[in-house]
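This report describes a single structure for a reader who has not met it before. Please view the sequence and the model together while reading.

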Amino acid sequence: LHRIHQRTGPLWWIRRIVAWVAILGVATIVALAVALPRLGGATPYAILTGSMEPTLPPGTLAVVRPIPVEDIRIGTVITYQLASGERPTVTHRVVGVGIDGRGERTFRTQGDANNVADAAPVRPVQIRGAVWYAVPALGYANRFLTAPQRDLLIVVVASLLLVYAAWALVSGLRSARRRRAESVAPRHLVAAAERPHRARPVRVGLGVALLALLGAVSTLAYWSDAGTVSAGTFSAGVLDLKLNSQNAVDLSATFTLANMVPGESIAAHVAVQNPSPSTVAFTYTAAGLASGSLGANLQFQAFLGGTSSNGTVNSLRTGSCTGTSTGAAASWASSTTVIPASPAQQLAVGASQNVCVVASLPTSAPSNAQGTSGSAVLTFTATQLGAP
Amino acid sequence: VRRALTALAATGLMVALVGLARSVPASASWGDTGSASSGTIASYSVPAAVISSCNVTGNALTGFTARISWTAVTSPHALTYTATIVNLGTPLTVQSSGTTRYVDVQSGLLSTLLGTVVTVQVVAKPPGAGLWVSPPAQQGVLVALLGVSMSCV
């Protein structure tokens with residue numbers, strides 16, 4: 001009677017409710033995070049950063065499934081690789097659809113929380129799919145545990161499970177031995193004596209909850225293995241690209257030349273900075289655009305990590321840069337990628353990198369370029385370093 | 001034994017869950033922009049030579065010489081000059097005296113053009129290997145028939 005009362009009292013009911021809530025919660029998580037994506041041919045992605053807020057806040061589990069390129073329209077939220085074939089991915093909204101010079105469809109993307117579109121257009125080969133559905137906060141725990149902590153937790157929980165299994169095995173054998181010894185006792189009394197103290201649903205619930213914890217943590221471990229995003233990236237902090245400590249720098253004091261003749265050049269450099277208290281490491285790209293009549297005749301060449309110097313060689317004013325060239329001299333008559341997304345130029349918080357540019361008037365400049373003028377703008381676009 | 005099997009099954013299920021899970025991190029990245037603007041870059045306009053004088057010396061016996069002079073431009077670029085008898089396509093040697101540049105046109109050169117006005121053309125070029133030249137500066141020279149006189153026209 002005492003045992004029957006234990007199985008119907010308030011504590012028994014509380015245990016039972018907790019167990020079933022745990023079971024249903026875990027089943028829902030497993031269904032949304034694992035089973036449904038698996039059945040639908042989709043891939044869950046953990047949103048790590050806030051550029052898609054409020055649609056996809058950090059911690060959201062975005063389930064992405066493949067989509068035909070022709071079905072992608074303005075407004076579709078897509079997940080794409082920063083570079084084709086590489087693991088780093090970004091989830092942003094399509095804000096423009098175009099056709100490139102090869103007749104291939106390209107997409108302009110932008111984070112909902114960003115003021116500017118992403119610098120580089122997205123090609124179909126980069127696209128992993130469109131967001132099918134999103135589950136808030138499912139990946140949120142990723143914020144609170146470092147990778148070593150998650151690894152440790154997995155080991156601890158797995159060890160506890162194995163200890164539990166050993167204990168259950170030993171106690172089961174003892175019970176069997178006792179049952180044999182008490183085989184003379186009435187059958188219903190033996191059964192009552194062996195009945196576990198805790199209700200079976202409670203144990204099942206605890207077990208499944210334990211499993212869920214393991215499953216979730218293991219998933220996080222997978223994320224951790226894949227990710228190189230530092231903890232600082234997760235904070236809703238500051239991504240602040242500075243150029244010579246300014247948002248927009250006017251180089252007219254150093255990057256100006258009058259009476260330029262073919263064969264002459266001028267160079268200037270700017271420091272691309274990720275200054276403190278910025279909290280976000282970023283990669284950056286740059287695009288150049290020249291304007292004015294002379295702009296179409298000028299050639300520009302950029303160098304990373306160098307400084308500029310200007311002098312006179314054979315009666316011609318000549319500018320030069322040290323550092324590593326990002327490519328051959330080219331016209332900036334239309335917007336031209338000067339520093340491409342790949343190889344990525346990364347700036348950690350507090351870091352700085354010089355970008356030096358040489359503007360030259362080639363000896364092939366036509367005579368009708370005399371007496372003209374132009375200018376150039378180099379636009380830098382920083383993107384949060386958040387990819388694994 | 002049943003509980004032990006349950007725990008082991010749980011471990012197996014855990015492994016299956018880990019295997020099934022395919023969560024991949026995605027960066028909904030932030031962005032920022034900045035710009036660096038150049039000042040004005042202006043090109044040079046090569047000025048035409050300004051012929052300052054054309055003087056004829058000599059006589060009919062020894063021959064006439066017309067000296068065509070102009071002042072060289074040295075700033076902002078030191079220009080170089082070439083001179084040509086347009087009618088003949090013949091280059092003339094440009095000589096200098098200080099900042100003055102000049103060419104001498106001998107009447108003997110014009111023996112096939114007696115009685116006609118020949119044109120001497122001067123063109124300036126900035127330093128370097130570019131294609132730019134100035135507009136031509138021209139000076140006419142007339143050698144009378146039989147070479148009895150020469151004049152700047």
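Over residues 189-199 of chain A, the pLDDT (the predictor's confidence in each residue, from 0 to 100) stays under 50, and the model has 12 contacts beyond four places in sequence for this stretch; contact means heavy atoms within 4.5 Å. Residues 211-236 of chain A also have a pLDDT below 50, with 59 contacts in the model beyond near neighbours in sequence. Where pLDDT is low, the predicted coordinates should not be read in detail. The average pLDDT of chain A is 78, and 76% of the residues score at least 70.

This is a predicted model, in which local features need pLDDT of at least 70 and side-chain atom pairs count only at pLDDT 80 or more, while totals for chains, interfaces and linings use all residues. Residues are numbered from 1 along each chain as its sequence is written, chains are lettered from A and ligands numbered from 1 in the order in which they are written, and side-chain values use heavy atoms, without hydrogens and water.

Five aromatic pairs occur over all chains (rings of Phe, Tyr and Trp, the last by its six-membered ring, with centres within 6.5 Å; planes under 30 degrees apart are stacked, over 60 edge-to-face, the rest tilted). The pair of Y284(A) and F380(A) is tilted, because the ring centres are 6.0 Å apart and the planes stand at 50°. Y284(A) belongs to strand β11 and F380(A) to strand β19, so the pair ties together parts 96 residues apart in sequence; strands are DSSP runs of E, at least two residues, numbered from the N terminus. Both rings belong to residues listed below as buried (under 20% relative accessible area, 1.4 Å probe, protein chains only).

| Residue | Strand | Relative accessibility |
|---|---|---|
| Y284(A) | β11 (residues 282-291) | 1%, buried |
| F380(A) | β19 (residues 373-384) | 0%, buried |

Technical notes
Helices (H or I, at least four residues) and strands (E, at least two) are DSSP runs, numbered from the N terminus. Buried means under 20% relative accessible area, exposed over 50%, partly exposed in between (1.4 Å probe, protein chains only).
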